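Welcome! Have a look at the chain below, and then we can walk through it together, from the whole protein down to one side chain.

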Amino acid sequence: MTTTARAILAAGLVKLNMWNTLTLAFNGFGDALDADKFEIKPNFEEKTSESRSHLDYGQARASVVLPKPTELTIELSAATVEALAMQFQGLVQNLTQASGSFAAQDLTITALDQWLPLGKRSISDTGFEITNAGDTVTYDLGTHYEVNWLRGLVRFHSAAAGAPAAAAVVKVTGNYGAVDGKKILGGRVTQVRCQVQFDGQNMVDGSPVEADVHECVLGSNNGFDFLGSDFSSITLSGKIVTPPGKTEGYEIRLPGAST
C-alpha cells in the first residue's frame, strides 16, 4: 500500500561538512544547524530548431532540453562561528589570552583624546589604577581617562585639569581575564566547498525527508546587517557538483513513504 501526502510542508535541520584547504580533506559533519531555507533548484537550457519553411515558418521542427548545473541556496539562522565565517568569506582563528595582571606597567601616551591599546583584552575594573611615572599622582577614572574594558583600550582627556600630557609615560596597574574565543579574518576565502545533509520531516503526514548533497561550492554575496530590526540570516548560494565516483550531485530520499 502506498500513501501520498496531499501537500508538502517540510521542517528540518542542516549539517555541513567543510573542506579543509590545509589538510585537503573534509573536516567531518558538524552539529545540526537551524536553517530558514534549503532550496535545490534544477536548471535547464532549452534549444529549439525553428522552421524557416513557408509552410510552417516559426514552428518547432525539433526541441531539446539540456541540463545545466543545479543551484543550492541555504539560509542559516544559527549564529555559529563557522556560519559567520562563510558569510564574511573568512578564515577562523583562535582568540585566546591567559589571565594575568599589570604591575605598574609603563604606558606612553602617544596621543590625547584617542583610544590607546593596553595590550590585553577583558580588563577588570576592580583594582585598576593609572599613576604618573613617579607613582606620586593617581589619575581619576572618568575625569582624566576612560577605559573600554572589553577591548582593553584607554583614552586620556586633554580638557581635564591635572591630566597627563601627550608623550608622558604613566604606569598601569590592574588585572585582565582569560579569553577563549574565535576571530574571523574576513575576505580570505571567497568560496566554500562542502557536503550538505538535510534531515527533515513533512509536517503534513510526519513522513521523513532526507537530502544528501555530495559536494557543492557556495559563496555569500548578501549583506549582513548587525543593526537590523529583525533577525539576520546567513545566505549561501552556489552550484552542486558531481564528485568523482558519483553519477549525480545529490540524492533525495523519502524513507518509509511506502509499505
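## Overall shape

Let's start with contacts: of those in the protein that link residues at least 6 apart in sequence, 69% join residues at least 24 apart. Please keep in mind that this is a predicted model.

The protein contains 1 helix and 16 strands. Its radius of gyration is 30 Å, whereas the globule rule gives 18 Å for 259 residues; the value is well over that, so the protein is more spread out than a compact globule. Along the principal axes, the C-alpha atoms fill a box of roughly 105 × 55 × 40 Å.

## Surface and burial

How much area does the protein expose? The figure is about 16000 Å², and carbon and sulfur atoms supply 51% of it. Of the 259 residues in the protein, 27% are buried.

## A sheet of three strands

Now let's zoom in on one sheet. This open sheet has 3 strands in the order S6-S11-S8, and the pairing is antiparallel. Which strands stand at the edges? They are S6 (100-108) and S8 (129-132); each has a single partner strand, so one side of each is left without a neighbour in the sheet. On average, neighbouring strands here are turned by 20 degrees against each other, with direction ignored.

The pairing of S6 with S11 (residues 169-176) is antiparallel and runs over 7 bridges. If you would like a place to look in the viewer, Gln105 stands opposite Val172 in S11.

## Asn132 in the edge strand

Our last stop is Asn132, which is found in strand S8. Is Asn132 buried or exposed? Its relative accessible area is 15%, and buried means under 20%, so Asn132 counts as buried.

The side chain of Asn132 makes polar contacts with backbone nitrogens. It reaches the backbone nitrogen of Asp135 at 2.8 Å. A polar atom of the Asn132 side chain also lies 2.7 Å from the backbone nitrogen of Thr136.

Which residues does Asn132 touch, leaving aside those up to four places away in sequence? They are Val137, Tyr139, Val169 and Lys171. Two of these names lead back to the sheet, as strand S11 covers residues 169-176, and Asn132 touches both Val169 and Lys171.

Conventions
Residues numbered from 1 in each chain as written. Predicted model: local features only at pLDDT ≥ 70, side-chain atom pairs only at ≥ 80, totals over all residues. Heavy atoms only, no water. Pairing = 2+ DSSP bridges. Helix = DSSP H or I, 4+ residues; strand = E, 2+ residues; numbered from the N terminus. Axes fitted to C-alpha atoms, helices over the stretch in contact; angles between N-to-C directions. Rg over C-alpha atoms; globule rule 2.2 N^0.38 Å. Buried < 20%, exposed > 50% of the residue type's maximum accessible area, 1.4 Å probe, protein only. Contact = heavy atoms within 4.5 Å. Areas by Shrake-Rupley, 256 points an atom, 1.4 Å probe, with all protein chains shown as cover. Polar contact = N/O pair within 3.5 Å; in protein donor to acceptor, adjacent residues only side chain to side chain.
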